[in-house]
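Please look over the structure shown below before reading on. The questions after it are meant to be worked through slowly, one at a time.

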Amino acid sequence: TIIQPTVMAKAKSFELATKDFVGLFDSLIPHHLHAAMTRYQRSKAEAIGKLIGEYDGCKASLQAILQKHNLPGALEAIEQPIGVPEAIKDKMRQVQSEGGLRSLKASISYLNDLSGNAHEKLNKIEQTLQGEQAEDENYRRRFGSSKWKRVDSQNAASSYLAKLQQIKSAVNSAEEADQLILTRLQRFGPDLELLTEGSLEELALIIPAAHHTNRLSPASKIAIDRVKEWLHQAESVIFEIENQKSSLQAKSDADYPTEQLSRANDISQVIQHELSKYTNDVRPRLLDLQTAVESLANSITVINAEFVAVCKQGSDLREREATLNRLDSAYKHYLLMQKDVSDGIAFYSSLQAPVDRLLSDVSDYALSRQVEADDILQALNVDGRVDTPIQSAYPSGSIPHFDYQFGVGNSMTQQQQQQYPNLSINNNPKGESSKKTWMPGMPINYKD
């Protein structure tokens with residue numbers, strides 16, 4: 001038999017009664033009031049944001065004036081010996097981490113190698129073209145244009161000459177930049193060596209410490225007190241700006257004009273009225289702060305100029321400022337030389353391929369012109385190597401001489417005696433050897 005499972009319970013259908021159902025939020029705030037509050041909060045946030053922005057702009061303007069005149073840092077530098085500024089320490093650490101002067105010199109050496117290699121190849125190209133042109137002009141003078149019928153070298157090599165000139169012009173410009181690098185290296189090398197090899201203790205020894213206040217002149221102390229007074233006023237204005245900002249924000253956060261909006265017939269008019277409380281209350285105070293900031297900025301500029309003029313009368317301060325400026329300038333030119341050397345290496349590296357290609361093309365061109373010249377000489381039934389003066393094959397101008405050993409029984413023929421009347425052999429009647437200089441057309445009898 002099949003056992004049927006016992007049904008324990010049956011589900012009943014469930015229906016949600018929606019007839020009298022009202023959402024929780026709707027039961028608290030009417031929809032039209034919720035929309036009005038949303039609209040008001042959005043308008044209020046926009047208005048408060050503009051006012052806060054004006055406060056921030058007022059504060060930033062005052063801080064910019066202080067930063068421009070390095071205040072209060074300049075006062076701190078005067079009132080206590082601060083030693084080596086942190087900015088110089090950071091620059092020294094960066095230079096040393098990058099290898100500094102040693103690395104820079106190694107890069108410059110590599111740059112010079114690339115430059116020298118480029119010049120060597122360009123000189124070889126130029127010499128090849130000049131040599132081919134000289135040979136062509138020599139043949140043209142020798143045989144005349146009626147017999148030496150081929151394009152002259154100036155026109156035949158025009159494309160190579162143009163490319164050579166283009167590359168040489170670029171290299172000349174690069175050489176000017178290379179020379180500028182060397183000039184900067186010579187000028188800033190000593191300070192760069194200090195930044196590269198020196199320690200913080202050694203750096204502190206060459207930077208004069210700032211004055212103690214008890215070493216300042218009475219005029220300097222008066223100037224310092226005046227700057228402090230105006231700085232105190234600036235701090236008070238900044239504090240007042242922050243205080244008014246906080247009050248405005250707190251007032252805005254607690255502002256919920258629910259009752260006014262719920263009774264309003266014209267929502268826009270109520271919103272405008274509520275927001276006017278902020279502008280009417282804040283705007284006059286904000287304008288007073290802006291006026292105070294403008295007045296402070298002008299006064300601080302004048303007082304700071306007097307303060308700087310008086311304090312610079314101290315020799316220690318002048319030396320300190322000059323030393324710091326010199327080290328800072330060396331660091332900046334170090335970065336500039338790094339970039340220039342890197343650009344130079346990239347330039348000469350990119351130049352290698354076109355120079356090598358031009359060198360290969362010019363070599364092939366010179367060879368083809370030589371083959372062409374040999375063909376023309378053959379057609380003219382002329383041995384160019386014999387008829388060409390021997391000096392043309394030796395750029396130094398030296399003429400080689402070959403020692404010729406006349407053996408027993410050797411003598412000059414009648415034709416040779418006519419050709420060389422000043423050379424006397426006497427036919428060696430006694431069978432003695434006579435060492436003479438070999439001349440063209442004479443037979444050679446090599447001695448075993």
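The questions and answers that follow go through cores, a helix, aromatic pairs and salt bridges.

Q: What kind of model is this, and what pLDDT do local features need?
A: Residues are numbered from 1 along each chain as its sequence is written, and side-chain values use heavy atoms, with hydrogens and water left out. This is a predicted model, in which totals for chains, interfaces and linings use all residues, side-chain atom pairs count only at pLDDT 80 or more, and local features need pLDDT of at least 70.

Q: Which helix supplies the largest share of the largest nonpolar core?
A: A nonpolar core is a set of buried Ala, Val, Leu, Ile, Met, Phe, Trp, Tyr and Cys residues joined through side-chain atoms within 4.5 Å, where buried means under 20% relative accessible area, exposed over 50%, and partly exposed in between, with a 1.4 Å probe and protein chains only. The largest such core has 42 residues, and those with the most contacts inside it are L104, I125, L129, L192 and L203. At least two residues each come from α4 (86–97), α5 (100–143), α7 (158–197) and α12 (315–379), these helices being DSSP runs (H or I, at least four residues) numbered from the N terminus. The largest share, 15 residues, is supplied by α12.

Q: How many residues does the second, separate core have?
A: For L104, the contacts (heavy atoms within 4.5 Å) beyond its neighbours within four places in sequence are L185, L192, Y334, M337, Q338 and V341. The second core is separate and includes V227, L231, V282 and I300. Its number of residues is 38.

Q: Within what arc do the buried residues of α4 fall?
A: The expected span of a helix is 1.5 Å times one less than its number of residues, so the twelve residues of α4 should span 16 Å, which agrees with the 16 Å between its end C-alpha atoms. The buried residues in α4 are I88, K89, K91, M92 and V95. With the arc taken over the directions from the helix axis to the C-beta atoms, these buried residues line one face of the helix, because they fall within 165 degrees.

Q: Which residue with a positive phi follows α4?
A: The helix α4 is followed by a residue whose phi is near 95 degrees. That residue is G99.

Q: Are the rings of Y139 and F143 stacked or edge-to-face?
A: A pair of aromatic rings is described by the distance of the centres and the angle of the planes. Rings of Phe, Tyr and Trp (its six-membered ring) pair if their centres lie within 6.5 Å, and planes under 30 degrees apart count as stacked, over 60 as edge-to-face and the rest as tilted. Y139 and F143 are both buried, and they are separated by about one helical turn because they are four residues apart in helix α5. Their ring centres are 6.3 Å apart and their planes are at 25 degrees, so the pair is stacked.

Q: How many residues apart in sequence are the parts that Y160 and Y365 tie together?
A: The aromatic pair of Y160 and Y365 is tilted, with 5.3 Å from centre to centre and 50 degrees between the planes. Y160 counts as buried at 18% relative accessibility, and Y365 counts as buried at 8%. Because Y160 lies in helix α7 and Y365 in helix α12, the parts tied together are apart in sequence by 205 residues.

Q: With which residue does K121 form a salt bridge?
A: A salt bridge is a side-chain nitrogen of Lys or Arg within 4 Å of a carboxyl oxygen of Asp or Glu, and a search of the whole structure finds 23 of them. K121 counts as buried at 19% relative accessibility. The closest N and O atoms of its salt bridge are 2.5 Å apart, and the partner of K121 is D356.

Q: Is E372, the salt-bridge partner of R150, buried or partly exposed?
A: The closest N and O atoms of R150 and E372 are 3.1 Å apart. R150 is in the loop between α5 and α6 (153–156), while E372 is in helix α12, 222 residues apart. R150 is buried, with a relative accessible area of 10%. At a relative accessible area of 32%, E372 is partly exposed.
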